[in-house]
Amino acid sequence: MTVVRVVQIDAGREWRGGQNQVRLLTRALADRPGIDVRLVTSAAGPLAARARAEGLPLIPVPWTIGLDPRALWGLVREVRRWRPDVLHAHDSHALALALVARRVARRPRPKVLAYRLVDFPIRPGSNWFRADHVAAVSDAVRAVLVAAGLPPDRITTVPPGVDAEELHAAAAPPFGIRERLGLAPGTPLATNVGALVGQKDQLTLIRAAHLARSVRPDLHWTIAGEGERRGLLEAEATRLGVADQLHLLGHVERVPALIGESDVVVLSSVGEGLPNVILEALALGTPVVATRVGGIPEVLPAACLVPPRDPDALARAVTGALAAPPSVPLPERYTAAALGRAFEALYGALAGQLH
């Protein structure tokens, strides 16, 4: 059997959906006889900590700034020693280091695969054009790459995946969100999970909370995440008189448990590649209302979607979901197992070009 050697590279120094995807993918690949995998990431980061806890094949390196020369040296050392077939970069900084490592590798030089998770346009001549192949997290992201001039035959859509069994286990111990917030049992709860940044547009969510108050005065809203817009969001909630119903939770360690105890998950984003929280909610059986942006319509039916920056439509959709919760199963193509199979096939195709 031909074994393809793959190095996963992730520069993330915090824990977000992208890092969880790297963890799930590395774990799925570690069980496949046709793949030999290593993970290069920050030794001090949460991804490395979780990889260690799960016994995943980890190459920890010092990585405290985006283009850390110590991380580059650690990657180059691993590439020269192990001679992988594919370098799989999960973000722009990882891609920059992978391209340098490819240039100094022994021949045959490894192929560089880049994974694009966001729907922001790429600049002409950027490193994304220098990768041998790009995996797009959704068809919407693929379309953005094609529009920027990346040849379509160098792009493959590989959607993210979740492990439903793992999520249910993580959600099983009670989180007790209503008790923590001093709310009565059964209080309806709409939850947003995401960084407090402009792309997530929680301002629209707060305005929707204001509009929904006249219809569902018992409805409370939680936002799990940290970011630069916290003060702005607090001020808007106070201005609109919904500060008593809006709860900024900050970082939440047990997001699956919070999702499982919520009545509806709400995304108000103005742009997305394909957010993991939607897949997690579907796996846990929690209804979702989201904006019609990026790759979201590839997962959710039209009845669950609203236009971005439209608080009235968002308020109506959320109160409607409380009255008649939609049932949307998680499609199999968005599982961790499917993620592993898709990348295994892509690695094999790239490695075949080396010989």
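Buried means under 20% relative accessible area. Keep that cut-off at hand for the exercises below. The model is predicted.

**Exercise 1. Threonine 291**

Decide whether threonine 291 is buried or exposed, and list what it touches.

*Solution.*
Step 1. Locate the residue. Threonine 291 lies in strand E12 (residues 288-291).
Step 2. Take its relative accessible area, which is 3%. The cut-off for buried is under 20%, so threonine 291 is buried.
Step 3. List the contacts, leaving out residues up to four places away in sequence. Threonine 291 touches Leu267, Ser268, Ser269, Ile296, Leu305, Val306, Pro307 and Pro308.

**Exercise 2. The six-stranded sheet**

Give the strand order of the sheet that holds E12, and find its edges.

*Solution.*
Step 1. Write the order: E10-E9-E8-E11-E12-E13. This is an open sheet with parallel pairing.
Step 2. Find the edges. Strand E10 (246-250) and strand E13 (305-306) each have a single partner strand, so one side of each has no neighbour in the sheet.
Step 3. Check one pairing. Strand E9 (residues 220-224) and E10 run parallel and are joined by four bridges. Threonine 222 stands opposite histidine 247 in E10.
Step 4. Add a helix. Helix H8 (residues 202-212) lies across strand E8 (189-193), E9, E10 and strand E11 (264-267). H8 runs at about 170 degrees to E9.

**Exercise 3. The seven-stranded sheet**

Describe the open sheet of seven strands and the helices H1 and H4 that pack on it.

*Solution.*
Step 1. Write the order: E3-E2-E1-E4-E5-E6-E7, with parallel pairing.
Step 2. Name the edge strands. They are strand E3 (58-61) and E7, and each pairs on one side only.
Step 3. Look at the turn between strands. Neighbouring strands are turned by 20 degrees against each other on average, direction ignored.
Step 4. Check the E3 edge. Strand E2 (residues 35-42) runs parallel to E3, with four bridges between them. Serine 42 stands opposite valine 61 in E3.
Step 5. Place H1. Helix H1 (residues 17-30) touches strand E1 (4-10), E2 and strand E4 (86-89). The direction of H1 makes about 155 degrees with that of E2.
Step 6. Place H4. Helix H4 (residues 92-104) packs on the sheet and touches E1, E4 and E5. The direction of H4 makes about 160 degrees with that of E4.

**Exercise 4. Strand E6**

Work out where the side chains of strand E6 point and which strands pair with E6.

*Solution.*
Step 1. Recall the rule. In a regular strand the side chains alternate between the two faces of the sheet.
Step 2. Apply it to strand E6 (residues 133-136). His133 and Ala135 point one way, Val134 and Ala136 the other way. All are buried.
Step 3. Take one neighbour. Strand E5 (residues 111-116) runs parallel to E6, joined by four bridges. Arginine 116 has alanine 136 in E6 as its bridge partner.
Step 4. Take the other pairing. E6 and strand E7 (residues 155-157) pair in the parallel sense over three bridges. Valine 134 has isoleucine 155 in E7 as its bridge partner.
Step 5. Follow the chain. From E6 the chain crosses through helix H5 (residues 139-147) to E7, and this β-α-β crossover is right-handed.

**Exercise 5. Rings**

Count the aromatic pairs, classify each, and then find charges over rings.

*Solution.*
Step 1. Count: there are two aromatic pairs.
Step 2. Classify one. The rings of tyrosine 115 and phenylalanine 343 have centres 5.0 Å apart and planes at 85 degrees. Over 60 degrees counts as edge-to-face, so this pair is edge-to-face.
Step 3. Place it. Tyrosine 115 is in strand E5 and phenylalanine 343 is in helix H13 (residues 336-352), 228 residues apart.
Step 4. Check burial. Tyrosine 115 is buried at 3% relative accessible area, and phenylalanine 343 is buried at 0%.
Step 5. Classify the other. Phenylalanine 343 and tyrosine 347 have 5.8 Å centre to centre and 20 degrees between the planes, a stacked pair. Both lie in helix H13, four residues apart, about one turn of the helix.
Step 6. Join the results. Ring pairs link Tyr115, Phe343 and Tyr347 into a cluster.
Step 7. Find the charges. Arginine 116 lies over the face of tryptophan 128, at 4.7 Å from the ring centre. The charged end of arginine 180 sits over the ring of phenylalanine 175, 3.9 Å from its centre.

How values were computed
Residues are numbered from 1 along each chain as its sequence is written. This is a predicted model: local features need pLDDT of at least 70, side-chain atom pairs count only at pLDDT 80 or more; totals for chains, interfaces and linings use all residues. Side-chain values use heavy atoms; hydrogens and water are left out. Buried means under 20% relative accessible area, exposed over 50%, partly exposed in between (1.4 Å probe, protein chains only). Helices (H or I, at least four residues) and strands (E, at least two) are DSSP runs, numbered from the N terminus. Two strands pair if DSSP finds at least two bridges between them. A crossover is right-handed if, with the strands pointing away from the viewer, the path from the first strand over the helix to the second runs clockwise. Contact means heavy atoms within 4.5 Å. Axes are lines fitted to C-alpha atoms, for helices over the stretch in contact, and angles run from 0 to 180 degrees between N-to-C directions. Rings of Phe, Tyr and Trp (its six-membered ring) pair if their centres lie within 6.5 Å; planes under 30 degrees apart count as stacked, over 60 as edge-to-face and the rest as tilted. A charge sits over a ring if NZ of Lys or CZ of Arg is within 6 Å of the ring centre and within 35 degrees of the ring normal.
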